[in-house]
Amino acid sequence: MAVTKSSKAGTKKSASKKAARSKSAKTKNGNKSASNGSEKMNRGNSPIEKFFTDMLKDMYYTEEKLIEALGKMESAATTEELKEAFNDHAHQSKKHQRRLEKVFELIGKKAEAKKCDAIEGIINEAEKIIEETPEGSMTRDAALIIAAQKAEHYEIASYGSLVQLAITMGLNNVADLLDDILTEEERTDQLLTDIAETSINMQAENEEAAYSWMD
Ligand SMILES: [Fe+2]
Ligand SMILES: [Fe+2]
């Protein structure tokens, strides 16, 4: 399947971006994680600071929704390997929520979720896959991996942008916390690529096409 090939390329790009990110963080921060105290935004309520806070609320919502969705995807998946990957990432996502709460605390804002239409769409697509693919098939697993990678890529784009904005605003501890989340999203994306390429895509490709849902 072509999808995992492009995901792999995306992951490589992310890895090199990560190196640039660390360099940039060190240059900007001087001493990374110098303090554990709160980090007030410079101007309080500038448009970009408001946008940053809104994005954090968006991701707080996203993590909650993904925890629910990963549970459904775990139950629906065919292989134990994929079930385990979804279960592990649901646990990681709970940690992401806690880290976001810490970020809200550091910038002196209340942790709030704001409905995110983008993740709603991606999750709806995953639910449709569960409805439309046969239970116990490798086709379902291959399609669920793609759905999960769409969610991961959404998170990677969002957290990557948040890290860069935090660095620009001099919010060093905030940038570190968000970068920790970003690293786990990137690892999950790579793990899903590995699972797909090791066996699932190949087995899906060989699966008999005589399913009623194919017409
Ligand atoms: Fe996450
Ligand atoms: Fe994630």
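The expected span of a helix is 1.5 Å times one less than its number of residues. Keep that rule handy as you walk through this predicted model.

**Stop 1: the whole chain.** Colour the chain by secondary structure. You will find six helices and zero strands, following the pattern α-α-α-α-α-α along the sequence. Of the 215 residues, 35% are buried. Now think about contacts between residues at least 6 apart in sequence: 79% of them join residues at least 24 apart.

**Stop 2: helix α2.** Select residues 47–76, which form helix α2. Time to use the rule: with 30 residues at 1.5 Å a residue, α2 should span 44 Å, and its end C-alpha atoms are 42 Å apart, so the two values agree.

Which residues of α2 are buried? Show the side chains of Phe52, Leu56, Met59, Tyr60, Thr62, Glu63, Leu66, Ala69, Leu70, Met73 and Ala76. To see what covers these buried residues, add α3 (80–106), α4 and α5, which are among the covering elements.

**Stop 3: α4 beside α5.** Next, select residues 117–132 for α4 and residues 138–168 for α5. How are these two helices arranged? Their axes lie 9 Å apart, at an angle of about 175°. Angles over 145 degrees count as roughly antiparallel, so α4 is roughly antiparallel to α5.

**Stop 4: where they meet.** On the α4 side, pick Ala118, Ile119, Ile122, Glu125, Ala126 and Ile129. Their partners in α5 are Arg140, Ala143, Leu144, Ala147, Lys150, Ala151 and Tyr154. Try colouring this contact by residue class: it has ten nonpolar, no polar and three charged residues.

Definitions and conventions:
Residues numbered from 1 in each chain as written. Chains lettered and ligands numbered in written order. Predicted model: local features only at pLDDT ≥ 70, side-chain atom pairs only at ≥ 80, totals over all residues. Axes fitted to C-alpha atoms, helices over the stretch in contact; angles between N-to-C directions. Helix = DSSP H or I, 4+ residues; strand = E, 2+ residues; numbered from the N terminus. Parallel < 35°, antiparallel > 145°, perpendicular 65-115°, else oblique. Contact = placed C-beta atoms within 7 Å. Nonpolar A, V, L, I, M, F, W, Y, C, P; charged D, E, K, R; others polar. Buried ≥ 20, exposed ≤ 12 C-beta atoms within 10 Å, placed from the backbone.
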